[in-house]
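Visitor: I am new to this structure, so please take me slowly through one part of it.

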Amino acid sequence: RRAPIQRGVVFLRRHQNADGGFELTQGRGSDTQSTAWAIQALLAAGASPGPPAFRYLQRMRRPDGSYRYNARYVTTPLWVTSQVLPALAPETTAAARERLVERLVAALRERPLTAEHAGQLARALKPLLEALPPEMARSFAEQAALPLVALLKEAEQKADITAYSGA
């Protein structure tokens, strides 16, 4: 069931440019609308859009609060801004964060948490948190911290019991 989603994520990533933005078709150059849609799709798929995508949108923001179509043109600012805002809205990212936390907790339950796994987890969370605006990153850390601390304590208790029993 995840295979089509994973292929879609790979497709989207192929359309991301060095400037962090996504392009409508390869060779056309990044545009704000395609970047906003790609961010929403990646979040819905449980994938991190990465900090460069959000930085691209920040660079396209104009002083009046609207967004440019791309680095060259300020066309249809109403449409462009309307498509950017859902990519930045907490409601959009909150559901994605919740799914990521659930998947992370499920993955941690599947195998014992070793020091190596804890390091992998920390490395995996860093780009995710960096990809979110600061207030969302804080919220995600708070949402993820409680289940992760509980799992770490559970793993430590199991390790203590195993060591004590000599098993």
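Guide: What follows is a close look at helix 2 and its surroundings. This is a predicted model, in which local features need pLDDT of at least 70 and side-chain atom pairs count only at pLDDT 80 or more, while totals for chains, interfaces and linings use all residues. Residues are numbered from 1 along each chain as its sequence is written, and side-chain values use heavy atoms, with hydrogens and water left out.

Helix 2 spans residues 32–44 and packs against helix 4, residues 77–88, at an angle of about 20 degrees, with the axes 8 Å apart (helices are DSSP runs of H or I, at least four residues; axes are fitted to C-alpha atoms over the stretch in contact, and angles run from 0 to 180 degrees between N-to-C directions). The two are therefore roughly parallel (under 35 degrees; over 145 is roughly antiparallel). Their contact (heavy atoms within 4.5 Å) joins T32, Q33, A36, W37, I39, Q40 and L43 of helix 2 to W79, V80, Q83, V84, P86 and A87 of helix 4.

Helix 1 meets helix 2 at about 150 degrees, with the axes 10 Å apart, and this pair is therefore roughly antiparallel. Here V9, L12 and R13 of helix 1 touch A38, A41 and L42 of helix 2.

I39 and L42 return, with F22 and V84, as the residues that touch the most other members of the 20-residue largest nonpolar core (buried Ala, Val, Leu, Ile, Met, Phe, Trp, Tyr and Cys joined through side-chain atoms within 4.5 Å, buried being under 20% relative accessible area with a 1.4 Å probe, protein chains only). Helix 1 (3–14), helix 2, helix 3 (51–60) and helix 4 each supply at least two residues of this core.

Notes: Parallel < 35°, antiparallel > 145°, perpendicular 65-115°, else oblique. Buried < 20%, exposed > 50% of the residue type's maximum accessible area, 1.4 Å probe, protein only.
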